[in-house]
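This report covers selected local features of one protein model. Please view the sequence and the structure together while reading.

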Amino acid sequence: MVLETTKSEEPIMSQSKTVCVIGAGPSGLVSARELKKEGHKVVVMEQNDDVGGQWLYQPNVEEEDSLGKTKILKVHSSIYSSLRLISPREIMGFSDFPFTVKEGRDTRRFPGHEELWLYLKDFCEVFGLREMIRFNVRVEFVGMVNDDDITKRWRVKSVEKKSGEVIEEVFDAVVVATGHYSYPRLPSIKGMDLWKGKQVHSHVYRVPDPFRDEVVVVVGGFISGPDISIELVKVAKEVHLSVKSLDVSPGLSKAITKHQSLHLQPQIESLEEDGRVIFVDGSCIVADTILYCTGYRYKFPFLESQGRVEVDDNRVGPLFEHTFSPSLSPSLSFVGIPQKLIGFPFFESQAKWIAMILSGKTSLPSYDEMMQSVAEFYRAKEANGVPKRNTHDIGRDFVNYCDKYADYTGYPHLEEWRKKLCVTTILRSLDNLETYRDSWDDDHELLQEALQDPYFAQRTTP
């Protein structure tokens, strides 16, 4: 089923609304910028003392539960100290604010996390976003003013973390931009509760030193699992990477061959009280620590939608195009729900769509059409054997979504060079996991094509 949102052909007066954006990470900041451009009155609520969301590095994790099992987390970011971008800076920037090299900062094509945080601070400064942000404010409740209210306005209760002051306000719309890399998702393993060793989720991993001379089992083979495993071999006695399939990429295979203390293992069958970790092939080791790199859960503890938006086995829904709740649209929307994508361009294309919907310059399909679209999307996922928990893993389809959102708003599609660089980077990482970040030369033909684009001549300094 192909649905089209309706775009007004005649110039119309923009409808200004009061909008609460929850979160001042990348998705929240670009949402605030797009809403501001459309003339809306925006308040951004951020629980930390600065912008950045996940990219605001929090080194002190001692007070956080090692498996993140508490109702309210003390630490939002899951970034570890050595983390570098997995995409080149050229494809990461917003459409009018390229992520260019700055003198005196991290000039690598795949810089560390701090450089991306500084980019977000620059973005915030250039577009005057900080004045819209309330820092150190935790949103505790978001619910409709009246269930039968046709306009679907929202009551938002927030708490000033330092003073404890509680503020209640009413907004015309709420944009949820809280991210989804904070609440750990854990596997269910026999004996997990009785195992005497140390169990940690990567949410609280920062540096390898605490694992010195240990036998560590790292669970998870996507990105952080291999990345952290390769870092741990520098200090640990042994590192055993447990993955769902032993048919791994050439890049990971090369890394395992290179590091004698790094071993590939199948999934864990059970954990024994005497410290043994038994794998599904019957082999076992005695380990000191298990480090779970098993992903994260979607969680919106503040949202009271009366069952209209729920998280079921890590599926948030129903959401039309991963963005709007059909029964609560357009006043409730989500930015950044999908994962396994190049985030910033995706967030921006979503934000433009939301801002134009709220200003009345374009409109959504009917409730029935949106629900039918969601149902067909779910059926297609099921037919392709995609588990419910992976509903929002869109991978390379992120390009199609960006272009689709652009069609809804009349904005240009993603640049071809950006699409090509994205695919090439993925292929290079699969082939050379440890070296792909530092093997790009400026004279590479794809980079030359990209850097000739006028896009990179735009202003990026405050």
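## Contacts of S349

In this predicted model, S349 touches C402 and Y405, leaving aside residues up to four places away in sequence. S349 lies in helix α6, which spans residues 343–359. Its relative accessible area is 10%; S349 is therefore buried, the limit being under 20%.

## Helix α4 and its cover

Helix α4 (residues 224–232) is mostly covered, with 7 of its 9 residues buried. These buried residues are G225, P226, I228, S229, I230, E231 and L232. The list thus includes E231 and S229 as well as I228, I230 and L232.

Which elements cover the buried residues of α4? The cover includes the strands β11 (215–219), β12 (238–242), β13 (262–265) and β17 (289–292). Helix α5 (250–258) is also part of this cover.

## An open four-stranded sheet

One sheet is open and has 4 strands, in the order β7-β6-β5-β19, with mixed pairing. At its edges stand β7 (166–171) and β19 (303–304); each has a single partner strand, so one side of each has no neighbour in the sheet. In general, strands of a sheet pair through backbone hydrogen bonds, in either a parallel or an antiparallel manner.

Within this order, β5 follows β6. Strand β5 (residues 137–144) and strand β6 (residues 154–160) run antiparallel and are joined by 7 bridges. As for individual residues, V139 has S158 as its bridge partner in β6.

## Cysteines

How many disulfides does the model contain? The count is 0, where a pair of cysteine sulfur atoms would have to lie within 2.5 Å. C20 is in no disulfide: the nearest cysteine sulfur belongs to C124 and is 16 Å away. Because a disulfide is a covalent bond between the sulfur atoms of two cysteines, the distance between sulfur atoms is the quantity to inspect.

Is C20 buried or exposed? At 0% relative accessibility, C20 counts as buried. C293 is buried too, with a relative accessible area of 7%.

## A nonpolar surface patch

V423, I426, L427 and L430 form a nonpolar patch on the surface. Together these four residues have about 290 Å² of accessible area.

One of them, V423, is placed in helix α9, which covers residues 416–431. The relative accessibility of V423 is 32%, so V423 counts as partly exposed. That category lies between the limits of 20% for buried and 50% for exposed.

Terms used: Residues numbered from 1 in each chain as written. Predicted model: local features only at pLDDT ≥ 70, side-chain atom pairs only at ≥ 80, totals over all residues. Heavy atoms only, no water. Pairing = 2+ DSSP bridges. Helix = DSSP H or I, 4+ residues; strand = E, 2+ residues; numbered from the N terminus. Buried < 20%, exposed > 50% of the residue type's maximum accessible area, 1.4 Å probe, protein only. Patch = residues over 30% accessible without salt bridge, like charges linked within 9 Å, V, L, I, M, F, W, Y side chains within 5 Å. Areas by Shrake-Rupley, 256 points an atom, 1.4 Å probe, with all protein chains shown as cover. Salt bridge = Lys/Arg side-chain N within 4 Å of Asp/Glu carboxyl O. Contact = heavy atoms within 4.5 Å.
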